[in-house]
Amino acid sequence: LRVAVLNIEQARAQFQLRRADELPTLAAAATATRQPGTNGSISSVYTVGLAVTGYELDLFGRVRSLSDAALAIYFGTEEARKAVQISLIANVANTYLALLADDEQLAVTLQTIATREDSLRLTKLKFDNGAASALDFRQAESLLETARVVRAQLLRQRAQDENTLVLLIGQPLPADLPPALPLARQPLLLTELPAGLPSELLARRPDVRQAEQALIAANANIGAARAAFFPRIALTGSAGIASTDLGRLFRDGSFAWSFAPTLTLPIFDAGRNRANLDTARVGRDIAVAQYEKALQSAFREVANALAGRATFGEQLRAQQAQANAEQQRTQLAELRYNNGATSYLELLDAQRSLFSAQQAAVQVQAAQAQNLVNLYQVLGGGWAAGEAATGSR
């Protein structure tokens with residue numbers, strides 16, 4: 001983000017340079033000329049005054065076109081800064097949601113480890129008393145270690161996500177952060193997307209606006225390249241006082257002035273101006289293609305985010321229903337095993353399925369919240385209720 005802001009300052013300075021070319025440069029000038037005379041003497045002339053050098057009369061818009069191109073590039077860097085800022089906000093939000101998902105998955109894993117430790121102790125007691133086989137005991141032990149492996153993976157993943165968040169905000173996490181809401185309630189913090197949002201909202205995306213400014217700059221460059229075929233008039237002049245005696249320059253010096261316009265008309269340049277014009281036109285075609293690509297990418301990204309918004313709710317409902325069913329299945333399998341109606345393998349399978357379903361439910365909750373953050377990003381920084389319209393989306 002700091003680099004994007006500095007790019008703005010650099011582009012602003014470049015625009016100021018181009019805009020300065022539209023006005024004459026007035027400078028204080030002092031000259032001393034010594035040259036031999038006709039009779040062997042040396043004559044001296046001292047002048048001091050104001051001078052204008054090489055000011056181009058922009059009759060055909062070359063200088064103005066270059067200034068317009070620099071202005072469009074400057075505006076484009078501002079849009080690039082907005083795009084970077086929106087991306088930074090979205091990345092911070094998504095990483096924070098990933099951190100919350102890590103915490104909830106860790107909670108599920110720790111609960112599962114506690115349950116499996118109790119199950120292992122019970123199986124060990126049965127094995128010691130001959131009521132369970134060594135196979136049952138080893139299966140229970142394997143199931144417990146599997147959960148511990150997942151816990152280690154989640155602890156590593158949480159540390160990596162926290163490091164990513166620290167990198168994004170550029171400082172350690174504040175110690176006084178308020179407690180986070182449960183992951184299931186995070187989507188409630190985001191404004192619901194109103195129906196009937198017009199597709200014109202995509203035109204405010206910074207990347208689309210940046211592509212538009214690039215197209216404007218490319219068109220201006222064509223104007224500057226075309227103006228190079230026409231004559232260029234440069235004005236050079238000065239006005240001040242002159243004297244042959246340096247000591248008497250400011251006392252007895254006489255008024256002196258000079259005016260030297262220069263007209264330049266290209267006759268033969270080995271095709272340089274034509275090549276510059278062709279380059280500018282190809283650059284314009286590239287800018288058009290990039291603008292079209294930016295619009296198409298914007299529609300695709302919004303369509304993907306809306307598709308996720310339409311389906312994540314149903315996926316989460318089904319995933320939670322599966323987790324609830326696996327919870328009841330595990331309870332029934334445990335009851336059947338304790339009463340000798342089934343093998344320990346059925347209970348182990350139920351516990352594995354329950355743990356997987358609970359982990360998947362947390363992942364879907366995180367994906368649903370992150371999809372809304374992505375929708376905020378692809379709509380160019382969110383939306384407002386007043387922007388809804390009755391027109392087509």
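Q: Two strands pair if DSSP finds at least two bridges between them. In this predicted model, what makes strands E1 and E2 count as a pair?

A: Just look at the bridges. E1 (residues 26-36) and E2 (residues 42-57) are joined by 11 bridges. The rule asks for at least two, so E1 and E2 pair. The two strands run antiparallel, and Pro 36 sits opposite Ile 42 of E2.

Q: Why is strand E1 said to lie largely in the open?

A: To be called buried, a residue needs a relative accessible area under 20%. E1 has 11 residues, and the number of them that are buried is 0, so the strand lies largely in the open.

Q: What makes Ala 270 exposed rather than buried?

A: Its relative accessible area is 65%. Exposed means over 50%, so Ala 270 makes the cut. You'll find Ala 270 in the loop between strand E4 (254-264) and helix H6 (272-338).

Q: What stands out about the phi of Ala 270?

A: Its sign! Most residues other than glycine have a negative phi. Ala 270 isn't glycine, yet its phi is positive, near 60°.

Q: Why does Gly 340 get called exposed?

A: Same kind of check: the cut-off is over 50%, and Gly 340 has a relative accessible area of 63%, so exposed is the right word. Gly 340 lies in the loop between H6 and helix H7 (344-378). From Glu 104, Gly 340 is 236 residues away in sequence and 35 Å away in space, C-alpha to C-alpha.

Q: How do you know that the protein chain doesn't match a compact globule?

A: Set two radii of gyration side by side. A compact globule of 393 residues would come out near 21 Å, but the protein chain has 38 Å. The box around its C-alpha atoms, taken along the principal axes, is roughly 135 × 50 × 45 Å.

Q: What share of the protein chain counts as buried?

A: Of the 393 residues, 33% are buried, and remember that buried means under 20% relative accessible area. The accessible surface of the protein chain is about 23,300 Å², with 57% of it belonging to carbon and sulfur atoms.

Q: Which helices and strands would you count along the protein chain, and in what order?

A: There are 7 helices and 4 strands. Reading along the sequence, you get α-β-β-α-α-α-β-α-β-α-α.

Terms used:
Residues are numbered from 1 along each chain as its sequence is written. This is a predicted model: local features need pLDDT of at least 70, side-chain atom pairs count only at pLDDT 80 or more; totals for chains, interfaces and linings use all residues. Side-chain values use heavy atoms; hydrogens and water are left out. Buried means under 20% relative accessible area, exposed over 50%, partly exposed in between (1.4 Å probe, protein chains only). The radius of gyration is taken over C-alpha atoms; the globule rule is 2.2 Å times the number of residues to the power 0.38. Accessible areas come from the Shrake-Rupley method with a 1.4 Å probe; for residues, only the protein chains shown count as cover.
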